[in-house]
Amino acid sequence: MKNFTFESPTKIIFGKNRIHDLAAEILAYGNRVLMVYGGQSIQQNGLYTQITEHLKENDISVFELAGVQPNPRLESVRAGIELCKTYEVDFILAVGGGSVIDCSKAIAAGVTYSGDVWDFFIRKAKIENALPIGSVLTLAATGSEMNGGTVISNPETSEKRPAGSDLLKPKFSILDPTLTFTVNKYLTSAGVVDVMSHIFEQYFTPDQGTTLQDHIAEAILKTCIQYGPVLMDDPENYEARSNIMWASSLALNGLTVTGKMYGDWATHYIEHELSAYYDLTHGAGLAILFPVWMNYVLDEKRAFKFAAYARNVWGVTIENDMEAALEGIAKTKAFFKEIGMPASLGEANIDDSKFDSMVEGACKFGPIGMFRKLNKEDVKNILTSAL
Ligand code: NZQ
Ligand code: ZN
């Protein structure tokens with residue numbers, strides 16, 4: 001296990017009706033708030049009214065950035081930065097899923113920066129200052145509610161790129177599992193796949209001796225496998241929603257990568273190309289790509305890790321590592337299919353016409369991956385196998 005420093009400063013306020021705590025948390029930072037949200041979902045389930053009334057009662061001035069889209073656009077970030085400057089906002093409140101939280105983080109980073117906010121995403125500038133943000137999470141998936149990452153799409157250049165800083169970690173996140181009752185089956189499944197994928201990215205690494213972290217990772221995977229299917233038939237199952245919600249945060253708050261060098265993240269880089277070119281739901285893209293990536297990087301040297309995954313997560317009892325590994329990968333693929341995710345690019349209406357551009361985009365800063373480094377040819381092979 002390598003040396004590490006683990007600091008997870010986001011206060012998690014978990015459970016039913018915790019929205020009542022919102023104003024008190026915000027007032028620790030200011031009383032002029034930019035509330036960022038997406039489309040209609042928070043109007044339809046009454047959350048919009050509940051929050052705005054609660055903030056008004058507590059003398060908090062609320063300015064709004066509405067309409068943040070899934071795969072959030074640079075345009076929304078720029079609009080949010082302008083609003084913050086115009087109204088001298090001192091706190092940003094994200095109400096939504098990963099897209100809304102990511103957009104809020106990018107706004108927070110951009111407000112105090114004199115250049116163009118996109119600079120952070122093309123590695124031209126480092127985030128050195130940010131407004132404080134908090135979130136009310138409405139969709140369990142990305143872990144953005146408890147980490148410093150943000151992923152923004154720039155349709156003008158067909159790019160979707162990540163940026164990050166500890167400064168962007170939310171000060172608090174309210175996790176009320178009942179707020180996710182209205183998430184439809186497809187997005188619920190995509191969220192489950194995203195949570196599992198974050199674990200995969202940090203589990204399949206060359207590091208050794210991180211037994212505790214790997215067992216925590218396996219427990220999170222088993223939780224997703226237990227409760228994902230429950231939600232297909234029973235979307236208001238509180239136990240299932242609460243377990244998946246907490247899994248979402250723990251899967252990407254740095255916990256399971258402690259003592260390791262870094263995650264793999266190649267599959268995420270490739271998926272971001274799919275979302276950038278086809279506006280695909282992130283978790284659906286991962287469901288297509290992850291089993292393909294697993295099969296592609298599997299070899300004699302790496303089989304032991306896939307075999308451990310197969311045995312500890314799926315209960316595979318095959319003794320031979322390679323055979324156990326293949327069985328674990330097959331079970332992964334079948335599970336994603338069972339919860340309604342596409343199994344191939346074809347099923348998502350994606351052909352090979354943009355592969356060359358996607359390969360260039362994924363490898364813009366060099367080869368990707370850590371468990372096994374992937375060059376452009378590898379990325380193309382993976383995309384082709386996913387057809
Ligand atoms: O816009 P509204 O009407 O709110 O509908 C949203 C949206 O259409 C809907 N939704 C959210 N909460 C709901 C709900 N519908 C009904 N009831 C509710 N309670 O869900 C749709 C998708 O929302 P989105 O925020 O896009 O989903 P998700 O949380 O999966 O976020 C995906 C984005 O996060 C990025 C992805 O790449 C993608 O852009 N990621 C961010 C990461 C991070 N910051 O750490 C890591 C991830 O790997 C990922 O890359
Ligand atoms: Zn993800």
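**Figure 1. Where domain 1 meets domain 2 in this predicted model.** Let us start at the boundary between the two domains, where about 2400 Å² of area is buried, with carbon and sulfur atoms giving 59% of that area. On the domain 1 side, K160, R161 and P177 lose the most area to domain 2, and together they make up 22% of what that side buries. Counting residues instead, 28 from domain 1 are in contact with 27 from domain 2. For orientation, the domain assignment places domain 1 at residues 11-179 and domain 2 at residues 184-385. The C-alpha centres of domain 1 and domain 2 are 26 Å apart.

**Figure 2. Ligand 1 lies between the two domains.** Why is ligand 1 said to lie between domain 1 and domain 2? Both domains give residues to the shell around ligand 1, so the ligand sits between them. In total, 30 residues surround ligand 1, and G39, S41, G98, S99 and K160 are the closest. Sorted by character, the shell has 18 polar, 9 nonpolar and 3 charged residues.

**Figure 3. Polar atoms around ligand 1.** This view picks out three residues and the atoms they place by the ligand. From Q40, a polar backbone atom is 3.0 Å from an oxygen atom of ligand 1. From G149, a backbone N or O atom lies 3.1 Å from a nitrogen atom of the ligand. H272 takes part through its side chain, where an N or O atom is 3.0 Å from an oxygen atom of ligand 1. On its own, ligand 1 has 960 Å² of accessible area, and the protein covers 87% of it. Which elements give two or more residues to the shell around ligand 1? They are the helices α5 (98-111), α6 (185-203) and α9 (266-278), along with the strand β6 (149-154).

**Figure 4. A look at V257 in its loop.** Here we move to the loop between α8 (238-251) and α9, which is where V257 is found. Leaving aside neighbours within four places in sequence, V257 is in contact with Q202, Y262 and G263. To give a sense of distance, V257 and S114 are 143 residues apart along the chain, and their C-alpha atoms are separated by 33 Å.

Definitions and conventions: Residues numbered from 1 in each chain as written. Chains lettered and ligands numbered in written order. Predicted model: local features only at pLDDT ≥ 70, side-chain atom pairs only at ≥ 80, totals over all residues. Heavy atoms only, no water. Near = heavy atom within 4 Å. Polar contact = N/O pair within 3.5 Å; in protein donor to acceptor, adjacent residues only side chain to side chain. Areas by Shrake-Rupley, 256 points an atom, 1.4 Å probe, with all protein chains shown as cover. Helix = DSSP H or I, 4+ residues; strand = E, 2+ residues; numbered from the N terminus. Nonpolar A, V, L, I, M, F, W, Y, C, P; charged D, E, K, R; others polar. Domains from an automatic or database assignment. Contact = heavy atoms within 4.5 Å. Buried area = accessible area lost by both parts, 1.4 Å probe.
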